[in-house]
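Let's take a walk through this one together. Have the viewer open and follow along as we go from one site to the next.

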Amino acid sequence: METTNNDCVFCKIVAGEIPAEKIYEDEDLFAFLDITPINAGHTLIIPKKHYENLFELPDDILKKISIKLRDLGASVKEAMNAEGLNIGMNNRPAAGQIVPHAHFHLIPRYIKDGYKHWGGRKYDEGEITKVAKEIRERIK
Ligand code: 5GP
Ligand code: ZN
C-alpha cells in the first residue's frame, strides 16, 4: 500500500499542492469542503494516506473516521442550520465513485431541497432467503 498516489487529486489536496477549504486535520484524517456541493457545507472526510475505498481501510482509520463523521457531522449540521444530514460513501465506479481515494460525504439537508430517495425493487419469490444465505456464508 502506497502512502501517496501521485495521480490522486485528494493526495494532492492533503499535500497542499491543490487548494481546498480545509475544515479539519489531524495525524490521520483530513476534511474539506466538496467543490461541487449538493448543499453549502457539503464536506468530505478522507484518510491522509491513499486507500482506494472502504475495503482497503485499516480498522484504526475506519474507527477514527466513524467518530469524526458523527462529530464533524454535528458541526456541519449546526453551522448550516440543516434539518438533516446524509452520510455517504461511493465505492468503485459502479457505485458512483469518481475519485479513487476513499472518502465519506457529509451532506447537510433541508426538507425542501429536492432530495430524491433511491428507488427500490421487489424481491422475486424465494429470492430474499437465498440472498440472505449467500451473504451470511461470507461473513468473516
Ligand atoms: P465521488 O467519488 O464519491 O463520486 O465524489 C467525489 C467528490 O469529490 C465529488 O463530490 C466532487 O465534487 C469532489 N471533488 C472532486 N475533485 C475535487 C477537488 O479538486 N476539490 C474538492 N474540494 N472537491 C473535489
Ligand atoms: Zn489519494
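Start with two residues that are tucked away: Cys11 and His50 are both buried. Keep in mind that you're looking at a predicted model. So what do these two have in common? Both are donors to the zinc ion (ligand 2), Cys11 through SG and His50 through ND1. The other protein donors are Cys8 (SG) and His101 (ND1), and the distances from donors to the ion run from 2.0 to 2.3 Å. If you check the geometry, the angles subtended by the four donor atoms fall at 104 to 116 degrees, so the arrangement around the zinc ion (ligand 2) is tetrahedral; the cut-off for that label asks for all angles between 85 and 135 degrees.

Along the chain, the zinc donors are spaced as C-x2-C-x38-H-x50-H. Cys11 sits in helix 1 (residues 9-14), while His50 belongs to the loop between strand 3 (43-47) and helix 2, so this pair ties together parts that are 39 residues apart in sequence.

Now shift to the rings. How many aromatic pairs are there? The count is two. One of them is Phe10 with Phe32, an edge-to-face pair with 5.3 Å between the centres and 80 degrees between the planes. Here too, distant parts of the chain are linked, with Phe10 coming from helix 1 and Phe32 from strand 2, 22 residues apart. Phe30 and Phe32 make up another pair: their ring centres are 6.0 Å apart and their planes meet at 50 degrees, so this one counts as tilted. Put together, the ring pairs join Phe10, Phe30 and Phe32 into a cluster.

Are those rings buried or exposed? The bar for buried is under 20% relative accessible area. Phe10 has 7% relative accessibility, so it counts as buried. Phe32 comes in at 3% and is therefore buried as well, and Phe30, at 5%, also counts as buried.

That brings us to the packing. In soluble globular proteins, nonpolar side chains tend to be buried together. In this model, the largest nonpolar core has 13 residues, and the members touching the most others are Ile45, Leu57, Ile65, Leu69 and Phe104. Strand 2 (29-33), helix 2 (59-79) and strand 5 (104-109) each put in at least two residues, with helix 2 giving the largest share, four residues. A second, separate core of nine residues includes Phe10, Cys11, Phe30 and Phe32. Those names should ring a bell: Cys11 is one of the zinc donors, and the three Phe residues form the ring cluster.

Ile45 is a good spot to click on if you want to see the neighbours of a core residue. Leaving out residues up to four places away in sequence, Ile45 touches Phe30, Ala31, Ile65, Lys68, Leu69, Leu72, Ala102, His103, Phe104 and Leu106.

Finally, zoom out. The protein has three helices and five strands, running α-β-β-β-α-β-β-α from the N terminus. Its C-alpha atoms fill a box of roughly 55 × 45 × 25 Å along the principal axes. Of the 140 residues, 32% are buried. The accessible surface is about 9,800 Å², and carbon and sulfur atoms own 55% of it. As for contacts between residues at least 6 apart in sequence, 56% join residues at least 24 apart.

Definitions and conventions:
Residues are numbered from 1 along each chain as its sequence is written. Chains are lettered from A and ligands numbered from 1 in the order in which they are written. This is a predicted model: local features need pLDDT of at least 70, side-chain atom pairs count only at pLDDT 80 or more; totals for chains, interfaces and linings use all residues. Side-chain values use heavy atoms; hydrogens and water are left out. A nonpolar core is a set of buried Ala, Val, Leu, Ile, Met, Phe, Trp, Tyr and Cys residues joined through side-chain atoms within 4.5 Å. Buried means under 20% relative accessible area, exposed over 50%, partly exposed in between (1.4 Å probe, protein chains only). Contact means heavy atoms within 4.5 Å. Donors are N, O and S atoms within 2.8 Å of the metal (3.2 Å for Na, K and Ca); water is not among the atoms, so sites may look incomplete. Four donors count as tetrahedral if all angles lie between 85 and 135 degrees; four count as square planar and six as octahedral if opposite donors are over 155 degrees apart and all others between 65 and 115; anything else is irregular. Rings of Phe, Tyr and Trp (its six-membered ring) pair if their centres lie within 6.5 Å; planes under 30 degrees apart count as stacked, over 60 as edge-to-face and the rest as tilted. Accessible areas come from the Shrake-Rupley method with a 1.4 Å probe; for residues, only the protein chains shown count as cover.
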